[in-house]
Structures are given as C-alpha cells and as structure tokens.
Amino acid sequence: QVQLVESGGGSVQAGGSLRLTCDVSGNTVMRRCMGWFRQAPGKEREAVAAIDSVGRSRYVDSVRGRFTISKDNAKNTLHLQMNSLKPEDTAMYYCGLRGGDVTCYGSRLSASEYNFWGQGTQVTVSS
C-alpha cells in the first residue's frame with residue numbers, strides 16, 4: 001500500500017526558507033520516479049522538481065538555484081529545501097510517486113506520469 005505524507009509547510013516572509021518532507025511508505029518506492037509539484041488557487045498543478053532512482057534531479061526554471069530536491073532511501077523520505085522564497089512560490093505543495101515496480105532512470109517533470117500523491121502542505125510567502 002503506497003502512502004505519501006507531506007509536512008514542513010508554513011508561512012514565511014520573502015527571502016525566507018522552508019524544508020518540506022514527504023514520508024513514503026510501500027514496497028520498492030524509493031527506486032521509482034519521485035517529484036514535488038505545486039498548485040496555486042485557480043491554477044493547474046505544476047512541476048517544481050523531480051529526482052530519479054540514483055539521485056539525478058531536474059528543476060523548473062522558476063526555482064532552479066533556489067530549491068533543492070533530495071531523498072533519503074534509508075528513511076524513505078523525499079525532501080525539498082526551498083531558499084530565497086518569493087510570494088509567487090505560494091501554493092499547496094504535493095509530493096508525487098510514479099506507479100509500477102519500475103526503477104526510475106531519468107527524473108520526470110510531467111504530473112501525468114505520476115500515480116500517487118500526498119495530501120499536500122501549504123506554503124505561503126508574504127512580501
């Protein structure tokens with residue numbers, strides 16, 4: 001049974017930092033494609049960062065250089081370190097996991113390729 005639970009969201013001022021954590025349960029989950037996505041009110045869910053089974057990562061242009069995705073295979077956790085936060089980063093943040101017992105080679109930034117989602121954690125950045 002796959003389950004993803006996000007935590008670490010909150011309210012910060014512009015320029016601040018937050019570290020999001022996604023606790024992942026299930027068999028062979030840590031070798032699958034994983035990613036962080038976000039959704040602001042009235043907008044579609046968009047990719048933020050993704051990571052593959054061996055730790056190779058990709059970022060969307062708007063967060064590259066400010067955010068860092070990482071994972072701890074021993075603890076079954078996925079992280080997103082967010083620095084230099086901007087008001088436009090305000091959104092509900094979700095971690096996603098690709099389905100199927102398949103080792104991920106090459107991180108994926110398309111939400112349509114993910115089958116499992118957490119409940120989300122809210123990030124609010126004030127100016």
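## A tour from Met82 outward

Begin by selecting methionine 82, which, once its neighbours within four places in sequence are set aside, is in contact with Gly16, Ser17, Leu18, Leu20, Arg66, Phe67, Tyr93 and Val123. Keep in mind throughout that this is a predicted model.

Next, widen the selection to the largest nonpolar core, which has 29 residues, and highlight Trp36, Leu80, Met82 and Tyr93, the members that touch the most others in that core. To see which strands build this core, colour strand 3 (18–25), strand 4 (34–39), strand 5 (46–51), strand 7 (67–72), strand 8 (77–82), strand 9 (91–97) and strand 11 (121–126), each of which supplies at least two of its residues. Then select Phe37, Ala47, Cys104 and Tyr114, which are among the six residues of another core, lying apart from the largest one.

From the cores, move to two loops. In the loop between strand 3 and strand 4, select threonine 28, whose phi is near 55 degrees, a positive value in a residue other than glycine. Threonine 28 has a relative accessible area of 35%, and it is therefore classed as partly exposed, since that value falls between the 20% and 50% limits.

Finally, go to the loop between strand 8 and strand 9, where serine 84 lies. Serine 84, although not a glycine, likewise has a positive phi, of about 50 degrees. Is this residue buried or partly exposed? With a relative accessibility of 41%, serine 84 counts as partly exposed.

Note on methods:
Residues are numbered from 1 along each chain as its sequence is written. This is a predicted model: local features need pLDDT of at least 70, side-chain atom pairs count only at pLDDT 80 or more; totals for chains, interfaces and linings use all residues. Side-chain values use heavy atoms; hydrogens and water are left out. A nonpolar core is a set of buried Ala, Val, Leu, Ile, Met, Phe, Trp, Tyr and Cys residues joined through side-chain atoms within 4.5 Å. Buried means under 20% relative accessible area, exposed over 50%, partly exposed in between (1.4 Å probe, protein chains only). Helices (H or I, at least four residues) and strands (E, at least two) are DSSP runs, numbered from the N terminus. Contact means heavy atoms within 4.5 Å.
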